[in-house]
Amino acid sequence: EELFCTVDRKLLHLIGEFFDVDLGRTILYQRLLVSLAQQEIIYRARCCTLIRAGNDLFDEGSKLSVSVATASPVSTLLHLGINIESRNTPVRTKGLSDYGIEPRPFCLSLLETFKNEWSTIKRAKGAADVKRGLTFTKVANAISIAAKTGGSGNPEDNPRLRVVMEE
């Protein structure tokens with residue numbers, strides 16, 4: 001998993017390429033990143049009208065971002081573009097400059113926040129996976145023992161196995 005940031009005159013680009021990740025998970029990364037960008041802008045600008053609609057940010061009908069997630073044959077890709085300037089655009093837009101936000105420090109902070117948030121999620125998921133794995137092992141062992149000691153692998157003929165299967 002790699003996510004990086006570049007800044008040009010008009011747009012801040014957050015780009016990620018993820019291997020061994022399906023498109024569904026990449027879309028979740030995208031939603032998390034957009035939500036964190038919203039949170040960071042609101043915090044830095046002290047504004048409260050910024051809303052997330054799908055994977056884009058809007059302020060009173062003005063579009064602040066563009067975002068896409070897609071899959072290639074070997075990876076999934078994510079791009080979040082956040083306007084820096086809002087002048088001379090084909091649609092109503094807002095940019096980071098309208099909020100007095102410097103793009104580079106904003107980008108570095110957003111990347112760090114995303115990294116920390118995703119690490120927290122992975123740790124919680126890992127702990128849940130371990131617990132689920134232990135439960136599965138315990139149940140599988142109980143079924144195996146009941147089948148061996150009860151004389152049959154059929155719960156109708158094996159009362160021990162029937163009790164384990166009902167639990």
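Two strands are said to pair if DSSP finds at least two bridges between them, and the strands themselves, like the helices, are DSSP runs numbered from the N terminus (helices being H or I of at least four residues, strands E of at least two). In this sense β1 and β2 pair antiparallel over six bridges. The model described here is a predicted one, in which local features need pLDDT of at least 70 and side-chain atom pairs count only at pLDDT 80 or more, while totals for chains, interfaces and linings use all residues. Residues are numbered from 1 along each chain as its sequence is written, and side-chain values use heavy atoms, with hydrogens and water left out.

**Strands β1, β2 and β7**

A hairpin of three residues joins β1 to β2, and within this pairing Thr6 stands opposite His13 in β2. Strand β2 (residues 11-18) also pairs with strand β7 (residues 76-83), again in the antiparallel sense and over eight bridges, with Leu11 opposite Asn83 in β7. Six of the eight residues of β2 are buried, so the strand is largely enclosed by the rest of the structure; buried here means under 20% relative accessible area, exposed means over 50%, and partly exposed lies in between (1.4 Å probe, protein chains only).

**The disulfide**

A search of the whole structure finds one disulfide, a term that stands for a pair of cysteine sulfur atoms within 2.5 Å. The bond joins Cys5 to Cys107, with an S to S distance of 1.6 Å. The pair links distant parts of the chain, since Cys5 belongs to strand β1 (residues 2-7) and Cys107 to helix α2 (residues 103-149), 102 residues apart. The two partners differ in exposure: Cys5 counts as partly exposed because its relative accessibility is 22%, whereas Cys107 counts as buried at 2%. Another cysteine, Cys47, is buried with a relative accessible area of 14%.

**The nonpolar core**

A nonpolar core is a set of buried Ala, Val, Leu, Ile, Met, Phe, Trp, Tyr and Cys residues joined through side-chain atoms within 4.5 Å. The largest such core has 29 residues, and those with the most contacts inside it are Leu12, Leu14, Leu33, Ile41, Ile82 and Phe106. The elements that give two or more residues to this core are β2, α1, β7 and α2, and the largest share, seven residues, comes from α1. Leaving out residues up to four places away in sequence, Leu12 touches a set of residues that includes both disulfide partners, Cys5 and Cys107, together with Leu80, Ile82 and Phe106 among others; contact means heavy atoms within 4.5 Å.

**The β3-β4-β5 sheet**

Three strands form an open sheet in the order β3-β4-β5, with antiparallel pairing. Strands β3 (50-53) and β5 (62-63) stand at the edges, each with a single partner strand, so one side of each is left without a neighbour in the sheet. The two pairings are set side by side below.

| Strands | Bridges | Bridge partners | Residues between the strands | Positive phi |
|---|---|---|---|---|
| β3 and β4 | four | Ala53 and Asp56 | two | Gly54, near 65 degrees |
| β4 and β5 | two | Phe58 and Lys63 | two | Glu60, about 50 degrees |

Helix α1 (residues 23-45) lies across β3 and β4 and runs at about 175 degrees to β3, where axes are lines fitted to C-alpha atoms, for helices over the stretch in contact, and angles run from 0 to 180 degrees between N-to-C directions.

**Loops**

Most residues other than glycine have a negative phi. Asp20, although not a glycine, has a positive phi of about 60 degrees; this residue lies in the loop between β2 and α1 and counts as exposed at 83% relative accessibility. Asn88 likewise has a positive phi, near 60 degrees, and is found in the loop between β7 and α2, where its relative accessibility of 76% makes it count as exposed.

Thr93 also lies in the loop between β7 and α2, but is Thr93 buried or exposed? At 14% relative accessibility, Thr93 counts as buried. Its side chain reaches the backbone oxygen of Ser86 at 3.3 Å. Leaving aside neighbours within four places in sequence, Thr93 is in contact with Ser62, Lys63, Asn83, Glu85 and Ser86.

Notes
Polar contact = N/O pair within 3.5 Å; in protein donor to acceptor, adjacent residues only side chain to side chain.
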